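Colleague: I would love a close look at one part of this model. Could you walk me through the central sheet and what is packed around it?

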Amino acid sequence: MTDLSGKVALVTGGSRGIGRAIVSELAAAGCRVAVVATSEKSAEAGAQAAIDAGAEGKGYAADVSDAGRAQEVVEDLVATWGGVDILVNNAGVTRDTVLMRMSDEDIDSVVDTNLKGTLYYCRAVTKPMMKARSGSIVNISSIVGITGNAGQSNYAAAKAGIFGLTRSLASELGSRGIRVNAIAPGYIDTDMTSGLPEKVKEVSLQRIPLSRFGQPADIARGVRFLVSEAGSYVTGTTLVIDGGMSL
Ligand code: NDP
């Protein structure tokens with residue numbers, strides 16, 4: 001039900017953390033996986049995760065907030081591997097502080113990477129997926145886009161925007177056999193959370209009914225479900241994977 005043999009997947013932010021786990025999961029399921037990350041070195045590290053899982057891997061150095069580069073990456077991938085069946089928009093950054101102190105740069109970088117990057121890659125894959133009359137897109141948002149969080153107005157706005165994009169695009173593309181879904185992770189152990197103060201970690205853990213932080217693989221398994229045959233009647237929805245943190 002979750003075999004993905006022969007599929008081509010593109011994962012943004014696949015060099016580390018959640019993205020890297022998604023690369024490994026999709027490669028283990030049989031996909032060829034292309035990875036977008038900010039530098040040649042990090043993109044190659046992501047591609048290596050696919051190779052380590054026994055699949056083909058390919059890296060692209062690209063800033064996801066560069067619309068022209070998104071188009072180039074997708075065109076190159078289609079020319080090289082013949083299409084793109086799965087897109088996972090995972091690249092993301094945080095720049096946390098209260099809004100009163102937030103710089104234009106803090107706002108722009110978070111909105112450009114998390115929200116505009118997702119829009120650009122969704123747009124770029126639409127044509128080849130429509131031509132193939134099939135495809136699956138998963139956009140990685142956050143429970144913060146649902147609940148909000150003090151000190152993360154920029155990030156919460158960008159992640160909430162992803163829900164509107166996901167539902168709209170699912171409506172646009174459903175009749176073409178293309179599904180679009182979002183995942184809202186809770187607190188996941190990665191570089192993004194490792195630098196948080198111990199007090200914040202303690203308080204966060206207390207808010208999680210399942211009494212543990214999430215691991216990148218918890219999110220990767222959700223992606224595998226959504227893009228596979230098992231999720232073939234699921235579109236326009238958000239899968240919350242947070243150990244109950246947002247309850
Ligand atoms: P990490 O900080 O561990 O990794 C971020 C990834 O995004 C890296 O691969 C990085 O590439 C890439 N990236 C960042 N900026 C850009 C850019 N401008 N262009 C291309 N690639 C970029 O993050 P996580 O694994 O923790 O998070 C992954 C996603 O999950 C994000 O969207 C995040 O918002 C979301 N999320 C995370 C949660 C958590 O608790 N960790 C909770 C909820 C959501 P490089 O290695 O080249 O820097």
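Modeller: Happy to; what follows starts with the sheet, moves to the helices on it, and ends with a few loops and single residues. Please keep in mind that this is a predicted model.

Let us begin with the strand order. The sheet is open and has seven strands, arranged as β3-β2-β1-β4-β5-β6-β7 with parallel pairing. At its edges are β3 (57-61) and β7 (238-241), each of which pairs on one side only. From one strand to the next, the twist averages 15 degrees.

Two of the pairings can be followed down to residues. β2 and β3 are joined in the parallel sense over five bridges, and V35 has G59 of β3 as its bridge partner. β4 and β5 also pair in the parallel sense, over four bridges; here V88 has V138 of β5 as its bridge partner.

β5 deserves a pause. Six of its six residues are buried, so β5 is largely enclosed by the rest of the structure. G135, I137 and N139 point one way from the strand, while S136, V138 and I140 point the other way, and all are buried. If you step back along the chain from β5, you come to R133, in the loop between α4 and β5. R133 is not a glycine, yet its phi is positive, about 55 degrees. Most residues other than glycine have a negative phi.

Now to the helices on the sheet, beginning with α1. This helix packs on the sheet and touches β1, β2, β4 and β5, and its direction makes about 170 degrees with that of β1. Helix α1 covers residues 17-28; at 1.5 Å a residue its twelve residues should span 16 Å, and the end C-alpha atoms are 17 Å apart, which agrees. The buried residues of α1 are I18, G19, A21, I22, V23, E25, L26 and A27; note that E25 is one of them. These buried residues pack against β1 (8-12), β2 (32-37), β4 (86-89) and β5 (135-140), and also against the helices α2 (40-52) and α9 (216-227). After α1 comes G30, with a positive phi near 115 degrees.

Helix α6 (residues 153-173) packs on the sheet too, touching β5, β6 (178-185) and β7. The direction of α6 makes about 160 degrees with that of β6. β5 is thus touched by α1 and by α6.

There is also a helix pair to look at. The axes of α3 (residues 67-81) and α4 (residues 104-132) come within 9 Å and cross at roughly 35 degrees, and the crossing is right-handed. On the α3 side the contact is made by A67, R69, A70, Q71, V73, V74 and V78, and on the α4 side by Y120, Y121, R123, A124, V125 and P128. Sorted by character, the residues of this contact are ten nonpolar, one polar and two charged.

Let me turn to the stretch around α8. L196 sits in the loop between α7 (191-194) and α8, and it counts as partly exposed because its relative accessibility is 25%. Apart from residues up to four places away in sequence, L196 touches Y187 and K201. Y187 turns up again in the contacts of S204: leaving aside neighbours within four places in sequence, S204 is in contact with Y187, F213 and M245. S204 belongs to helix α8 (residues 198-206), and at 8% relative accessibility it counts as buried, the cut-off being under 20%.

Further on is S211, found in the loop between α8 and α9. S211 has a relative accessible area of 55% and is therefore exposed, since exposed means over 50%. S211 is another residue other than glycine with a positive phi, near 60 degrees.

One last stop is α2, one of the helices that the buried residues of α1 pack against. E40 is found in α2 and is exposed, with a relative accessible area of 53%. E40 and T2 are 38 residues apart in sequence, and their C-alpha atoms are 31 Å apart in space.

Note on methods:
Residues numbered from 1 in each chain as written. Predicted model: local features only at pLDDT ≥ 70, side-chain atom pairs only at ≥ 80, totals over all residues. Heavy atoms only, no water. Helix = DSSP H or I, 4+ residues; strand = E, 2+ residues; numbered from the N terminus. Expected span 1.5 Å × (residues − 1). Buried < 20%, exposed > 50% of the residue type's maximum accessible area, 1.4 Å probe, protein only. Contact = heavy atoms within 4.5 Å. Axes fitted to C-alpha atoms, helices over the stretch in contact; angles between N-to-C directions. Left-handed = near helix turned anticlockwise from the far one by under 90°. Nonpolar A, V, L, I, M, F, W, Y, C, P; charged D, E, K, R; others polar. Pairing = 2+ DSSP bridges.
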